[in-house]
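Biologist: Got a minute? I'd like to go through this structure with you.

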Amino acid sequence: MYEHYFQCPYCWEEISFLLDPSISKQSYVEDCEVCCNPIAVYLSFDQGVLMDFGAVNLEQ
């Protein structure tokens, strides 16, 4: 597993999610561990290296 730190698009706190590098392209919704709002997460790995990561507010 790969731990990635980023800023929540709702509360702006720094949080982290555990990402699975065995799946090359992923998109899912996960709640912020601080404010509990849902975050749409988009990411891609290439040979175990995180190439792209996005975390957006679902209310946009």
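Modeller: Sure. Keep in mind that this is a predicted model. Start with strand β4 and strand β5, residues 49-57. They run antiparallel, joined by eight bridges.

Biologist: Which residue is the bridge partner of A40 in β5?

Modeller: That is V56.

Biologist: And how many residues lie between β4 and β5 in the hairpin?

Modeller: Two. Look at Q47 in that turn. Its phi is positive, about 50°, although Q47 is not a glycine.

Biologist: What sign does phi usually have?

Modeller: Most residues other than glycine have a negative phi.

Biologist: Is Q47 buried or exposed?

Modeller: Exposed. Its relative accessibility is 77%, and the cut-off for exposed is over 50%.

Biologist: OK, other side of β4. What does β3 do there?

Modeller: Strand β3, residues 25-31, pairs with β4, residues 38-46. The sense is antiparallel, over seven bridges. One pair to find is D31 with P38 in β4.

Biologist: How many residues sit between β3 and β4?

Modeller: Six, and the two strands form a hairpin. C36 is in that loop. C36 has a positive phi too, near 70°, and is not a glycine.

Biologist: Buried or exposed, that C36?

Modeller: C36 is exposed, at 53% relative accessible area.

Biologist: New topic: charge. Which residues form the negative surface patch?

Modeller: E3, E30, D31 and E33. You've met D31 already, as the partner of P38.

Biologist: Where is E30 found?

Modeller: In strand β3. E30 is partly exposed, with a relative accessible area of 30%.

Definitions and conventions:
Residues numbered from 1 in each chain as written. Predicted model: local features only at pLDDT ≥ 70, side-chain atom pairs only at ≥ 80, totals over all residues. Heavy atoms only, no water. Pairing = 2+ DSSP bridges. Helix = DSSP H or I, 4+ residues; strand = E, 2+ residues; numbered from the N terminus. Patch = residues over 30% accessible without salt bridge, like charges linked within 9 Å, V, L, I, M, F, W, Y side chains within 5 Å. Areas by Shrake-Rupley, 256 points an atom, 1.4 Å probe, with all protein chains shown as cover. Salt bridge = Lys/Arg side-chain N within 4 Å of Asp/Glu carboxyl O. Lys, Arg positive; Asp, Glu negative; His and termini not counted. Charge placed at Lys NZ, Arg CZ, Asp CG, Glu CD. Buried < 20%, exposed > 50% of the residue type's maximum accessible area, 1.4 Å probe, protein only.
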